Amino acid sequence: MSARLSWPDAVAAVTALRGRLEAEQVPLADSVDRILVEPIRALTDVPHFASAAMDGWAVAGSPPWTVNTELLMRKLDAGQATPIVTGAPIPVGADAVLRSEHGRVLTDSTAPRLHPTADLGGVVPHPGHHIRPAGEEARAGEEVFPVGTRMTPAHVAVAAACGHDTLSVVRTPRVGLLFTGTEIVEDGIPVAGKVRDSFGPQFPSLLNRLGAVVQTHQLLGDSAAELRNALSGELALQCDVVITTGGTGGSAVDHLHPVLEHLGARLVADGVKMRPGGPTVIAQLKDGRVFIGLPGNPLAAMMGFTSFVVPLLTRLRGVPSPVVGSIIVGAALPGRNDTTNLVPYEQTHGNALPTRWHGSAMMRGLATADGIIVVPPQGLVAGDRAETLQLPWGCPAS
């Protein structure tokens, strides 16, 4: 059996269990917030033809220019002009675009002629004026974005302009959720002895925000056979990470340890020196799946989730770890032997003060919190600068 790890050692251990996931090809629209495994190269010049940057006239040579609408989108000879709109291809022979507000067409005895209007700010355009040349943004074959780029909607737009329909990105982590407890009810007001499920409505959307997909979501009774079968089920076997809640203690209805032993799992941390969340269990199943057993108390589970699930998912997705911040604490926060305390806080006048409700079974304080103070074993005094963790829903879909 593994010893109970310190909180920093447990964080390091869980992120060392698996590296970045393999690549998959996805349509452009599905690549936002994903990490590139192959660079994006321009498959063509961008733009792939010279085009007008303004509405007006494409012109060739010196003014005045003879205007011929029949030459639209065709070849121009010196001294000719043709109307053009923004984004339209530049006719062969044209060397500039005169803006519509900077030109005036006058009709004489021969043909309509276009003149620059100096009185309106118009000038004789120089070669290339108001023309977007082919390849201005990228040349065919050029690397536009390197491996490791985190895709945004703007990156997707550029990839489309470069001619791509799909991209090679890090695969999305698949997570299994197994909530245990015969006492749990999923709706309504529970009777005495029963408790309302607070994980089922919360964890799936939270995992989606963190860039994972929930492969299976089950509520189990306090049964070793149910837990063993769920962990060995077809959907759970497809997961990269399996998260359970409850059953991590040593009571008669806590079957987690015997089930993990039966399945040949390697126990990494049999509890963590943290509060709340100390009974968290971390293991790796024989097939490589990471197992995180969170305590049944809501805040304790969320501290375990924030401490271990969040950095693990960022590791699997190949994205940067959540930012570790700092803040001045406005009140003394006592330490506890060799235990790390995680305390939800609210920011008041630039200082951090613990929320009113931060017992292991309470979620109200976390709901109003601005972040989580990491209180080291030696504690903190008012005025100390403390390390802080982002709330999981404040992390980028990172």
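Okay, let's start with Asp-33: at 29% relative accessibility, this residue counts as partly exposed. Bear in mind that everything here comes from a predicted model. Asp-33 sits in the loop between strand E2 (23–27) and strand E3 (40–41). What about its phi? Asp-33 has a positive phi of about 70 degrees, although it is not a glycine.

There's another residue like that on my list. His-349 isn't a glycine either, and its phi is positive too, at about 55 degrees. You'll find His-349 in the loop between E24 and strand E25 (351–354). Buried or exposed, then, for His-349? With 81% relative accessibility, His-349 counts as exposed.

Back to Asp-33, since it takes us to the cavities. How many cavities of 30 Å³ or more are there? The count comes to two. The second largest cavity holds about 40 Å³ of space, and Asp-33 is one of the residues lining it, along with Arg-34, Ile-35, Val-170, Arg-171, Thr-172, Pro-173, Arg-317 and Val-319. Split by class, that lining is four nonpolar, one polar and four charged residues.

Now the largest pocket. Its volume is about 530 Å³, and 31 residues line it. Which of them lie nearest the centre? Those are Arg-275, Pro-276, Gly-277, Asn-341 and Ser-360. The elements giving two or more residues to this lining are strand E20 (272–275) and strand E24 (340–348). As for chemistry, the lining of the largest pocket has 13 nonpolar, 13 polar and five charged residues.

Take a look at Arg-275 and Pro-276 while you're there. The peptide bond between them is cis, with omega near -5 degrees. Pro-276 itself is in the loop between E20 and strand E21 (281–284). A cis bond also joins Pro-63 to Pro-64, where omega is about -10 degrees. Pro-64 falls in the loop between strand E5 (56–59) and strand E6 (65–67).

Strand E24 is also home to Thr-340. Why do I call Thr-340 buried? Because its relative accessible area is 5%, and the cut-off for buried is under 20%. Leaving aside neighbours within four places in sequence, Thr-340 touches Trp-7, Pro-8, Lys-273, Met-274, Arg-275, Val-374, Val-375 and Pro-377.

Next, helix H4, residues 224–231. Its buried residues are Leu-227, Ala-230 and Leu-231. They cover an arc of only 95 degrees around the axis, so they end up on the same side of H4. That's helix geometry: an α-helix has 3.6 residues a turn, so residues three or four places apart point the same way. And what do the buried residues of H4 pack against? The list runs: strand E14 (174–180), strand E17 (213–220), helix H5 (234–237), strand E18 (241–245), helix H6 (256–262) and strand E22 (290–294).

At the N-terminal end, H4 is capped by Ser-223, with a side-chain oxygen 3.3 Å from the backbone nitrogen of Ala-225. Moving on from H4, Ser-232 is in the loop between H4 and H5. Ser-232 is partly exposed, at 36% relative accessible area. Beyond its neighbours within four places in sequence, Ser-232 contacts Leu-237 and Leu-263.

One last serine: Ser-51, in strand E4 (residues 51–52). Ser-51 counts as buried, at 6% relative accessibility. Setting aside neighbours within four places in sequence, its contacts are Gly-87, Ala-88, Pro-89, Ile-90, His-130, Ile-131 and Arg-132.

That's my tour, thanks.

Note on methods: Residues are numbered from 1 along each chain as its sequence is written. This is a predicted model: local features need pLDDT of at least 70, side-chain atom pairs count only at pLDDT 80 or more; totals for chains, interfaces and linings use all residues. Side-chain values use heavy atoms; hydrogens and water are left out. On a 1 Å grid over the protein atoms alone, a cavity is a set of points where a 1.4 Å probe fits but cannot get out, and a pocket is an open set with protein on both sides within 12 Å along at least five of seven lines; lining residues have an atom within 4 Å of a point. Grid points are joined across faces, edges and corners, and a volume is the space filled by probe spheres set on the points. Helices (H or I, at least four residues) and strands (E, at least two) are DSSP runs, numbered from the N terminus. Ala, Val, Leu, Ile, Met, Phe, Trp, Tyr, Cys and Pro count as nonpolar, Asp, Glu, Lys and Arg as charged, and the others, Gly among them, as polar. Buried means under 20% relative accessible area, exposed over 50%, partly exposed in between (1.4 Å probe, protein chains only). The arc is that of the directions from the helix axis to the C-beta atoms. Contact means heavy atoms within 4.5 Å. A polar contact is a pair of N or O atoms within 3.5 Å; within protein, one must be able to donate a hydrogen and the other to accept it, and residues adjacent in sequence count only if both atoms are side-chain atoms.
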